[in-house]
Amino acid sequence: MAIGNLASEVVSVDGSEESMNALRWVLNNLRLRPDGELVVLHVQPPPNIAAGLNPAPIPFGGPSGVEVPAFTQAIEAHQRRITQAILEHALKICSEKNVEVKTEVVVGDPKEKICEVTANRNADLLVMGCRAIGQLKR
């Protein structure tokens, strides 16, 4: 049963099975206008938040707040590989339904970036998976 006559839909995926189920739900239940677009969005956390492992200051008076470029580059490369795998999985799901989608990757705080991208695209609908953690933990 297809419902809706939407111009723009954003589906946020994070690699979880819940987010991929949300994508499947959209593909099975919603239809876009002929000129509409379906966007699969993935938000990467910033490297400093994702890592949370910046080296500690050098003891005995060494400089503090020193970033190790190789460490940051390794984290960024790892995040790109994870993002690529997530998007490949999402695109495979879409290709099984013969649906063309656009992908978008942004870096930042997911709760802020998802809302920002949805607003900037003037999306009619935002769909995300749910882990059923309850209202108190949300």
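Entry 1, terms. I call a residue exposed when its relative accessible area is over 50%, buried when that area is under 20%, and partly exposed in between. I keep in mind throughout that the model is a predicted one.

Entry 2, Arg33 and Asp35. I looked up aspartate 35 and found a relative accessible area of 61%, so I enter this residue as exposed. Its salt-bridge partner is arginine 33, and the closest N and O atoms of the two are 3.4 Å apart. Arginine 33 has a relative accessibility of 33%, and I therefore list it as partly exposed.

Entry 3, helix α4. I went through the helix, which covers residues 110-120, and noted its buried residues as Ile114, Val117 and Thr118. Looking down the axis of α4, I see these buried residues fall within an arc of 100°, so they line one face of the helix. On the face turned away from that buried side I find the exposed residues Glu112 and Asn120.

Entry 4, a salt bridge within α4. I recorded a salt bridge between the side chains of lysine 113 and glutamate 116, at 3.5 Å from N to O. The two residues are 3 apart in helix α4, which means that about one helical turn separates them. Lysine 113 is partly exposed, since its relative accessible area is 21%, and glutamate 116 also counts as partly exposed, at 39% relative accessibility.

Entry 5, after the helix. Following the chain just past α4, I noted that asparagine 122 takes a positive phi of about 50°. I then turned to arginine 121, whose side chain meets that of glutamate 104 in a salt bridge of 2.8 Å, N to O. This pair links distant parts of the chain, with glutamate 104 lying in strand β3 (residues 102-107) and arginine 121 in the loop between α4 and β4 (125-128), 17 residues apart. Arginine 121 counts as partly exposed because its relative accessibility is 26%.

Entry 6, the wider set. Which residues are linked with Glu104 and Arg121 in a network of salt bridges? I find that Glu37 and Lys102 belong to this network together with Glu104 and Arg121. My search of the whole structure gave 8 salt bridges, among them the Arg33 and Asp35 pair of my second entry and the Lys113 and Glu116 pair of my fourth.

Technical notes:
Residues are numbered from 1 along each chain as its sequence is written. This is a predicted model: local features need pLDDT of at least 70, side-chain atom pairs count only at pLDDT 80 or more; totals for chains, interfaces and linings use all residues. Side-chain values use heavy atoms; hydrogens and water are left out. Buried means under 20% relative accessible area, exposed over 50%, partly exposed in between (1.4 Å probe, protein chains only). Helices (H or I, at least four residues) and strands (E, at least two) are DSSP runs, numbered from the N terminus. The arc is that of the directions from the helix axis to the C-beta atoms.
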